[in-house]
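Trainee: I should like to take a close look at a single part of this protein chain. Would you please guide me through it, with the whole chain as background?

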Amino acid sequence: MGRTTALSRIGIDQATAVGEELVATGRSSYPVIGASVTTAQDGSGVLLQEVTPGGPAAATGLSAGDVVTAVNGEPVTEQVELIVKIRAERPGDEITLNIQGRGEVRVVLGGVQE
């Protein structure tokens, strides 16, 4: 499956899950790690620019300046890759982030209601 097709499939899966949640509860939610991110300038991964105090990333000891190199064992080199991998999950799910220089960190995803 090509990259565009894989990203499109995740979008369809997300739309289906959101639709089902809206029908069942009248609201929708999406998963978050509680950090703003950007692609690292050196191409090594995804840089955590800010970490929300009390959020999922902060709860595991992550901080601004940490670089995520993989999600659940799958490499990430661009901001959009990290976001897509997180959005493919649900609030409350646990993911494993590889952090440059620190190794694996498990994060329980938070959720934002809309």
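Mentor: The following account begins with the whole chain, turns to one strand and its partners, and ends with one residue elsewhere.

Please bear in mind that this is a predicted model. The protein chain contains 3 helices and 8 strands. Read from the N terminus, these elements follow the order α-β-β-β-α-β-β-α-β-β-β. The chain has 114 residues, of which 30% count as buried. It exposes about 6,400 Å², and carbon and sulfur atoms supply 50% of that area. If one takes the contacts between residues at least 6 apart in sequence, 49% of them join residues at least 24 apart.

The part to examine closely is strand 4, which covers residues 67-71. Is this strand largely enclosed or largely open? Of its 5 residues, 4 are buried, so strand 4 is largely enclosed by the rest of the structure. The term "buried" here refers to a relative accessible area under 20%.

Let us now consider the partners of strand 4 in turn. Strand 3, residues 46-51, pairs with strand 4 in the antiparallel sense, over 2 bridges. In this pairing, Leu-47 stands opposite Val-67 of strand 4. Strand 6, residues 94-99, also runs antiparallel to strand 4, and 3 bridges join the two. Here Ala-70 has Asn-98 of strand 6 opposite to it. Strand 5, residues 74-75, is likewise antiparallel to strand 4 and is joined to it by 2 bridges. Ala-70 appears again in this pairing, with Pro-75 of strand 5 as its bridge partner. Strand 4 and strand 5 form a hairpin with 2 residues between the strands, and in this hairpin Asn-72 takes a positive phi near 50 degrees.

As a general point on strands, side chains in a regular strand alternate between the two faces of the sheet.

For a second example of a buried position, one may turn to helix 2, residues 56-59, in which Pro-56 lies. The relative accessibility of Pro-56 is 16%, and therefore this residue counts as buried. Which residues does Pro-56 touch, if those up to four places away in sequence are not counted? They are Val-32, Ile-33 and Gly-34, together with Val-107, Val-108, Leu-109 and Gly-110. Pro-56 and Val-108 are 52 residues apart along the chain, yet their C-alpha atoms are separated by 6.2 Å.

To conclude with the part you asked about: strand 4 is largely enclosed, and it pairs in the antiparallel sense with strand 3, strand 6 and strand 5.

Terms used. Residues are numbered from 1 along each chain as its sequence is written. This is a predicted model: local features need pLDDT of at least 70, side-chain atom pairs count only at pLDDT 80 or more; totals for chains, interfaces and linings use all residues. Side-chain values use heavy atoms; hydrogens and water are left out. Buried means under 20% relative accessible area, exposed over 50%, partly exposed in between (1.4 Å probe, protein chains only). Contact means heavy atoms within 4.5 Å. Accessible areas come from the Shrake-Rupley method with a 1.4 Å probe; for residues, only the protein chains shown count as cover. Two strands pair if DSSP finds at least two bridges between them.
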